[in-house]
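I opened this notebook page to record what I looked up in the structure, one topic at a time. The entries follow the order in which I checked things.

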Amino acid sequence: LFLSIQRIVPSLSSTVNYTDPTLEPVVTENSVIRQKIIDSQFKCYERMNRAPPYKKKGLFCNRTWDGWLCWDDTPAGRLTAQNCPDYFPDFDPTERASKYCDETGNWFRHPESNRTWSNYTLCNSFTSEKLKMAFILYYMAIVGHALSITSLLISLAIFFYFKSLSCQRITLHKNLFFSYVLNSMFTIAHLIAVVPNPGLVKRDPVSCKVLQFFHQYMLGCNYFWMLCEGIYLHTLIVVAVFAEEQRLHWYYLLGWGFPLVPASIHAVARARYFNDNCWMSVDTHLLYIVHGPVMAALLVNFFFLLNIVRVLVTKLRDTHRAESNMYMKAVRATLILVPLLGIQFVIIPWRPENRLAGEIYDYIMHILMHYQGLLVATIFCFFNGEV
Amino acid sequence: GDRGCDPQQGLTALACLAAQHFIAATACQEADYGWMIRHYCLKQFQLSMEDIGQRLWCDWDETVGTYGELTNCTALIAARLDCYWPNRLVDEFFVAVHKQYFRNCSPSGRALHDPPNGVLCPFIVLPVLVTLLMTALVVWRSKRSEGIV
């Protein structure tokens with residue numbers, strides 16, 4: 001979930017010098033970058049070979065490799081664009097590079113050098129501002145998780161110290177808080193040790209992949225404990241109608257044991273099919289191996305809670321008024337949290353195109369993601385009527 | 001020191017020596033460029049590929065070095081002849097090379113990519129189904145522990 005940070009923060013070191021606006025491919029010395037470019041060149045010529053010839057009528061510009069990107073056959077008079085490459089640290093792959101095919105069916109030539117020229121100027125023109133913002137978001141994430149850990153530890157201390165509070169629901173809260181604490185600790189470890197350390201990423205030790213594995217496991221634990229809370233309330237209110245004591249073994253299994261399954265499958269799939277350095281890349285659909293079950297859990301939880309509210313409102317309003325009020329308060333807290341925790345998965349694909357709106361979106365997403373522990377501690381403990 | 005050709009450079013020295021014959025031309029002569037890349041770069045590439053052996057032509061790890069040298073060679077000759085690189089001739093040249101050497105290979109280079117959908121979908125759908133199953137199991141077991149079946 002560290003989309004922009006992981007793209008830009010690792011590249012804290014050198015940027016490449018270019019002369020605007022005649023930004024053009026030159027043969028670079030750096031072998032890693034050259035390797036990427038040669039790979040792209042190979043794929044480009046393969047594609048040019050295999051793609052069917054241009055069938056539509058009218059003038060067009062021939063497909064070409066311009067040294068960095070592959071361009072398809074383009075009708076005359078059209079400006080075609082694609083995403084910038086990620087060869088260089090200061091190139092932003094979310095920006096667009098463009099190439100103009102003029103009316104005579106030839107690619108646009110730069111007036112100064114009279115060579116065929118593609119427009120890569122947008123790729124590195126906003127990078128310094130974006131780098132600044134990436135830093136701000138990075139520190140915000142660390143502060144968020146640190147605040148979360150603090151507030152959660154305080155809440156845990158309150159729950160353990162005041163024995164009068166303890167009941168089964170509080171036991172579930174304790175487990176939930178504990179999983180949040182561990183998740184924040186692993187996230188901070190990842191943010192501090194791996195993300196700003198390109199040397200470590202290049203060396204690609206097994207330990208950073210193990211760290212990622214535990215990170216994914218703790219993410220699963222977080223959301224599955226929220227699901228346990230929902231199932232517990234559901235069993236308590238809808239099924240058993242306020243009978244108190246349930247056996248918590250199955251909840252422990254679902255909350256701590258089961259997240260090992262998606263995390264392990266993700267590790268195996270990643271090692272086999274997408275074994276990048278430190279498993280840091282977020283550009284792969286293999287991440288849905290973990291995020292899919294998490295979203296399923298959130299959805300199921302949401303339906304359970306709606307069902308609970310329905311039961312509380314309709315059936316118990318007249319018969320068990322006092323208890324239903326108490327349980328309504330319990331449900332309210334969970335009902336507020338589940339959408340808040342889940343909404344990041346819903347709106348993450350829809351980042352606005354506009355620059356300012358995109359920045360606001362990034363800030364809100366980071367707050368939602370990294371200050372969750374603080375939110376959970378506040379709602380479940382500090383704002384809890386019994387506490 | 002720019003005009004001297006270092007004999008230790010191997011392939012590039014060959015290109016360098018040949019290019020020096022054409023110093024007189026200041027603008028890019030496309031015919032010369034086309035001839036040169038076919039006679040120097042392509043020859044060297046052919047020899048290297050024959051050394052590697054036809055069986056391994058589709059193994060990107062084996063051929064990437066030679067392919068990179070071929071690219072370098074064309075770029076160097078372009079620099080010597082004052083042509084910009086890449087250009088239309090380079091495109092045609094490489095398309096021909098690919099037709100001859102890489103026609104039967106799978107198109108991807110070494111960049112990482114997701115497995116095909118037939119592999120990816122089961123990997124994703126399976127944990128989701130197991131999650132739903134497990135949830136149902138926990139709900140059922142907590143019902144039973146109440147004594148209410």
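My entries below go from the contact between the chains to single residues and salt bridges.

**Entry 1, the interface.** I note at the start that this is a predicted model. I looked up how the two chains meet and found 53 residues of chain A in contact with 48 residues of chain B. Together the chains bury about 4,600 Å² between them, and 68% of that area is on carbon and sulfur atoms. A:F42, A:Y45 and A:W250 supply 16% of the area that chain A buries against chain B, which is more than any other three residues.

**Entry 2, polar and charged pairs across it.** I then asked how many salt bridges the rule finds across the interface of chain A and chain B. The count is zero, whereas 13 residue pairs are in polar contact there.

**Entry 3, what chain A brings.** On the side of chain A that touches chain B, I listed the elements that each supply at least two residues, among them α2 (31-50), α6 (206-239) and α9 (288-314). The largest share, 12 residues, comes from α2(A). By class, I recorded 28 nonpolar, 13 polar and 12 charged residues on this side of chain A.

**Entry 4, a residue of chain B.** I picked B:T131, which sits in helix α5 (residues 117-144) of chain B. B:T131 counts as buried because its relative accessibility is 0%, and it touches A:F224, A:F258 and A:P293.

**Entry 5, record and model.** An unreviewed UniProt entry places the feature "transmembrane region" at several spans of chain A, including residues 289-309 and 363-383. In the model, residues 289-309 of chain A are 100% helix, with the end C-alpha atoms 31 Å apart; residues 363-383 of chain A are 90% helix, with the end C-alpha atoms 25 Å apart.

**Entry 6, salt bridges.** Over all chains I count nine salt bridges. In one of them the side chains of A:K130 and A:D92 meet at 2.2 Å, N to O. A:K130 lies in helix α3 (residues 127-161) of chain A and A:D92 in the loop between β5 (78-83) and β6 (96-101), so the pair ties together parts that are 38 residues apart in sequence. A:K130 is partly exposed at 23% relative accessibility, while A:D92 is buried at 10%.

I also looked at A:D276 and A:R270, whose side chains meet in a salt bridge at 3.2 Å; A:D276 is buried at 10% relative accessibility, and A:R270 is buried at 0%.

Key
Residues are numbered from 1 along each chain as its sequence is written. Chains are lettered from A and ligands numbered from 1 in the order in which they are written. This is a predicted model: local features need pLDDT of at least 70, side-chain atom pairs count only at pLDDT 80 or more; totals for chains, interfaces and linings use all residues. Side-chain values use heavy atoms; hydrogens and water are left out. Contact means heavy atoms within 4.5 Å. Buried area is the accessible area (1.4 Å probe) that two parts lose on being put together, summed over both. A salt bridge is a side-chain nitrogen of Lys or Arg within 4 Å of a carboxyl oxygen of Asp or Glu. A polar contact is a pair of N or O atoms within 3.5 Å; within protein, one must be able to donate a hydrogen and the other to accept it, and residues adjacent in sequence count only if both atoms are side-chain atoms. Ala, Val, Leu, Ile, Met, Phe, Trp, Tyr, Cys and Pro count as nonpolar, Asp, Glu, Lys and Arg as charged, and the others, Gly among them, as polar. UniProt positions are given in the numbering used here, feature names are shortened, and annotations may be inferred rather than shown by experiment. Buried means under 20% relative accessible area, exposed over 50%, partly exposed in between (1.4 Å probe, protein chains only). Lists of a residue's contacts leave out its neighbours within four places in sequence.
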